[in-house]
Amino acid sequence: MEDESTTAAYQRNGFAVIPGLFSAEELLEIERQLEAHLRLDLVSAPRGDVVFEADAERSLRCLFRIHERSAYFDQLMRDSRLIQLVQQLFHGADVVADGTMLIDKAPLTKYEFPWHQDNAYQFWNPPDAVAVTLALDDSTAESGAIVCLAGSHRESIRPHQPSGVFGASRSLVTPPNAKDFSPVTLALKPGDVSLHHVNTIHRTGPNHTSRHRRNLGFAYHSSRAVCDKVAADQYKRDLAQFLQTQQVPV
Ligand SMILES: O=C(O)CCC(=O)C(=O)O
């Protein structure tokens, strides 16, 4: 695996793309496992872990903490290629795998995940943590790919507020100034993987295409990073309270 340039790109920009990390054959197996898992999990997952679209189709938007209910996806999160990749970003520190989620932007869905930094709700200190995204479909500017602001991972965490978008917990109070950073669309093909630093400012746009845009997301932190439990617990309480006041499509 050629990782020197991945690490360099990640350190410079706060994100990187690794094309073709998973083969077509592996993707077929992931799809098979996902289909079987969804059949069961969509009826039994805890209320906060599943978000549906509010339209007539009621298609799935997000499924969180899949690794807690699926041995297969727990293993996938620990795939040696993913762990090695992340370990290099952490300069050899041990990698702790935190979770697996699925984000499915259904055809022609208009919502955005507004600009945010993942550490606004993960609270790692130091911010040695990374989100890994495995594309199951084509992720393009038209289908709502992740857009990262190059170099923004060197920023500290900016003020955030509830995003108002189901599935996206927090967003920046003030959108970033377009002149400060270059936005880069992480275009992915099925089997490609992207990495973004937990402080990188990023968003996703609507899906203007007639096809699904599904991403499997994996979260990791380094053994050097400590979670601010007080902030994390407060965040969980705020989120639960916020969800109670909303008409969450279930
Ligand atoms: O994959 C997506 O659509 C959401 C990605 C995202 O915002 C995140 O990983 O924090």
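Student: Which residue in E14 is the bridge partner of Val95?

Tutor: In this predicted model, the bridge partner of Val95 in E14 is Ser222.

Student: What makes E4 and E14 count as paired strands?

Tutor: Pairing requires at least two bridges between the strands. E4 and E14 have 10 bridges, so they count as a pair. The sense of their pairing is antiparallel.

Student: Which strands form the open sheet of seven, and in what order?

Tutor: The order is E1-E12-E7-E14-E4-E3-E2, with antiparallel pairing. From one strand to the next, the twist averages 15°.

Student: Why is one side of strand E1 and of strand E2 left without a neighbour in the sheet?

Tutor: Strand E1 (15–18) and strand E2 (50–52) each have a single partner strand, so each stands at an edge with one side free of a neighbour in the sheet.

Student: How do you know that helix H2 lies across strands, and which ones are they?

Tutor: Contact is set at heavy atoms within 4.5 Å. Helix H2, residues 24–44, lies across E2, strand E3 (60–63), E4, strand E7 (129–135) and E14. Its direction is at about 95° to E3.

Student: What is the strand order in the open sheet of four strands?

Tutor: That order is E5-E13-E8-E11, and the pairing is antiparallel. E5 and strand E11 (183–185) each have a single partner strand, so they stand at the edges. The twist in this sheet averages 20° from one strand to the next.

Student: What makes strand E8 and E11 a pair?

Tutor: The cut-off is at least two bridges. Strand E8 (residues 146–149) is joined to E11 by three bridges, so the pair qualifies. In E11, Val184 is the bridge partner of Cys148.

Student: Which residues surround the ligand?

Tutor: Those around the ligand are Met101, Ile103, Phe113, His116, Asp118, Tyr121, Ile146, His196, His202, Thr204, Arg213 and Asn215. By class, five are nonpolar, five polar and two charged.

Student: How do you know that Asp118 makes a polar contact with the ligand?

Tutor: A polar contact needs N or O atoms within 3.5 Å. A polar side-chain atom of Asp118 is 2.9 Å from a ligand oxygen atom, so the pair counts. In the side chain of His202, an N or O atom is 2.9 Å from an oxygen atom of the ligand. For the side chain of Asn215, the distance to a ligand oxygen is 3.0 Å.

Student: How much of the ligand does the protein bury?

Tutor: The ligand taken alone exposes 300 Å², and the protein buries 96% of that.

Student: Which elements give two or more residues to the shell around the ligand?

Tutor: They are strand E4 (95–105), strand E5 (113–116), strand E13 (202–204) and strand E14 (213–222).

Student: Where is Pro126, and what kind of peptide bond joins Asn125 to it?

Tutor: Pro126 is in the loop between strand E6 (124–125) and E7. The bond between Asn125 and Pro126 is cis, with omega about -5°.

Student: What is the phi value of His91?

Tutor: Phi of His91 is near 55°, a positive value in a residue other than glycine. His91 is in the loop between helix H4 (80–89) and E4.

Conventions. Residues are numbered from 1 along each chain as its sequence is written. This is a predicted model: local features need pLDDT of at least 70, side-chain atom pairs count only at pLDDT 80 or more; totals for chains, interfaces and linings use all residues. Side-chain values use heavy atoms; hydrogens and water are left out. A residue is near a molecule or strand if one of its heavy atoms lies within 4 Å of it. A polar contact is a pair of N or O atoms within 3.5 Å; within protein, one must be able to donate a hydrogen and the other to accept it, and residues adjacent in sequence count only if both atoms are side-chain atoms. Accessible areas come from the Shrake-Rupley method with a 1.4 Å probe; for residues, only the protein chains shown count as cover. Ala, Val, Leu, Ile, Met, Phe, Trp, Tyr, Cys and Pro count as nonpolar, Asp, Glu, Lys and Arg as charged, and the others, Gly among them, as polar. Axes are lines fitted to C-alpha atoms, for helices over the stretch in contact, and angles run from 0 to 180 degrees between N-to-C directions.
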